[in-house]
Amino acid sequence: MDVKVPYVDIARQHSPLKQELLEAVARVIDHGNFILGPEVIEFESHFADLCGVRHAVGVNSGTDALVLALKVLGVGPGDEVITVPNSFVATVSAVKIVGATPVLVDVRDDLNMDPAMIEAALTPRTKVILPVHLTGRSCDMDAVLRIAEAHRLRVVEDCAQAVLAEHRGRRVGSLGTIGCFSLHPLKTLNACGDGGILTTSDPELAERLRVERNIGLKTREDCVAFAGNSRLDTMQAAMLLVKLRHLETWTQKRRRNAHYYQEQLRDIPGLMLPLERDGERCVYHTFVIQAERRDELKTHLESRGIGTSIHYPIPIHLQTAGQSLGHPAGAFPVAERQARRILSLPIYPELATAQLDHVVTAIRDFYRKGARQ
Ligand SMILES: *Cc1c(COP(=O)(O)O)cnc(C)c1O
């Protein structure tokens with residue numbers, strides 16, 4: 001049997017939803033309320049409930065969500081924001097875009113911010129801690145929040161990969177001052193194009209976010225700040241409302257796939273699997289293994305028709321744009337070592353058991369062969 005396992009398969013997610021999505025778009029075309037229309041309001045309200053916060057504000061991308069969060073917290077030139085070197089580059093871009101200075105700290109085995117590194121990175125200019133719930137697993141938020149409170153810092157959560165993830169029974173996006181989500185096509189709740197959303201329970205911050213995303217307009221006539229245009233599109237919100245109904249089921253399927261891999265691959269020496277700690281709910285935006293001979297394994301899986309990816313192969317401080325951050329190679333030994341070992345396996349909800357088995361067999365064969373050499 002010739003089983004193929006592409007790394008992602010967005011068309012497969014959409015084909016059973018196509019009719020519903022088209023009908024949602026048709027309704028928007030019919031009412032013609034394209035900018036901040038009723039579907040945006042409805043989506044925001046559902047999303048806020050889902051995250052356990054009072055307010056959600058839809059925007060055009062996860063990147064702009066981060067930029068606006070920092071802006072409304074008054075972060076700008078001279079301020080420092082503590083974050084990690086192994087995120088998607090947008091996390092650091094957002095800090096630079098508002099004119100502030102990113103200060104990076106290393107991560108732990110779970111690919112998330114190591115809270116033990118935060119204290120040493122604090123200066124009188126530190127304003128915000130910006131942890132990233134990478135791969136769909138919450139950071140150790142208890143520790144992050146404790147430090148933030150002790151030093152009167154705000155916490156902006158980068159939840160781009162972690163919608164519905166939980167830390168001690170609370171959803172990410174409700175733990176810090178503001179949560180920032182991406183609705184990019186490759187995220188677990190995805191628009192058919194770009195999108196993002198912010199969460200907060202602070203009514204004043206929510207109001208300022210609404211103004212900041214909409215060219216500084218408080219009403220149609222009253223411009224209270226000069227700002228850009230970062231609105232979530234009504235058509236995207238209409239399609240997101242369709243998808244929102246499936247999100248919990250999709251998340252459970254991702255978790256089921258993850259548990260299957262964890263069960264089937266646990267005894268392989270040389271392979272570190274993402275495990276779930278007590279009190280955590282991981283949503284497995286990615287299922288990232290840490291593997292010896294990672295590049296060979298990737299090639300081997302490709303030869304068996306299995307797509308994989310690397311999130312992310314080059315840490316941010318080693319990117320071309322990252323030179324200006326002033327962290328030389330070797331500055332973050334854990335993140336840099338992980339960059340050479342991490343490999344993301346296919347994990348989407350639509351994977352069939354035969355496909356999961358194909359991945360498991362191919363990985364087991366690789367390490368068996370390796371052992372004989
Ligand atoms: C995807 C992503 C972003 C950026 O979101 P966009 O919607 O692509 O702008 C930011 N941070 C992390 C961790 C991401 O994965």
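The legends below describe several close-up views of this predicted model.

**View A. A ligand is surrounded by 17 residues of the protein.** Among the residues around the ligand, Gly62, Thr63, Asp158, Ser182 and Lys187 come nearest. Gly62 contributes through its backbone, with an N or O atom lying 2.8 Å from an oxygen atom of the ligand, whereas Thr63 takes part through its side chain, where an N or O atom is 2.5 Å from a ligand oxygen. The side chain of Lys187 also approaches an oxygen atom of the ligand, at a distance of 2.9 Å. Taken alone, the ligand would expose 380 Å², and the protein buries 94% of that area.

**View B. Glu44 and Arg210 form a salt bridge between two helices.** The closest N and O atoms of this pair are 3.1 Å apart, and the contact links distant parts of the chain, since Glu44 belongs to helix α3 (residues 38-51) and Arg210 to helix α8 (residues 203-212), 166 residues apart. Glu44 counts as buried, because its relative accessibility is 4%, while Arg210, at 26% relative accessibility, counts as partly exposed.

**View C. Lys298 and Glu302 pair within helix α11.** In this salt bridge the closest N and O atoms are 3.5 Å apart. The two residues lie four positions apart in helix α11 (residues 294-303), so about one helical turn separates them. Lys298 is buried, with a relative accessible area of 18%.

**View D. Arg304 and Asp365 meet in a salt bridge.** Their side chains come together with an N to O distance of 3.0 Å. Arg304 lies in the loop between α11 and α12 (333-341) and Asp365 in helix α13 (residues 353-372), so that the pair ties together parts that are 61 residues apart in sequence. With a relative accessible area of 29%, Arg304 is partly exposed.

**View E. Four charged side chains are linked in a network of salt bridges.** The members of this network are Asp110, Arg137, Arg277 and Glu280. Side chains of opposite charge can pair when their charged atoms come close. A search of the whole structure finds 23 salt bridges.

**View F. Ile29, Phe34 and Ile35 form a nonpolar patch on the surface.** Together these three residues have about 280 Å² of accessible area. One of them, Ile29, lies in helix α2, which spans residues 18-31.

Conventions
Residues numbered from 1 in each chain as written. Predicted model: local features only at pLDDT ≥ 70, side-chain atom pairs only at ≥ 80, totals over all residues. Heavy atoms only, no water. Patch = residues over 30% accessible without salt bridge, like charges linked within 9 Å, V, L, I, M, F, W, Y side chains within 5 Å. Areas by Shrake-Rupley, 256 points an atom, 1.4 Å probe, with all protein chains shown as cover. Buried < 20%, exposed > 50% of the residue type's maximum accessible area, 1.4 Å probe, protein only. Near = heavy atom within 4 Å. Polar contact = N/O pair within 3.5 Å; in protein donor to acceptor, adjacent residues only side chain to side chain.
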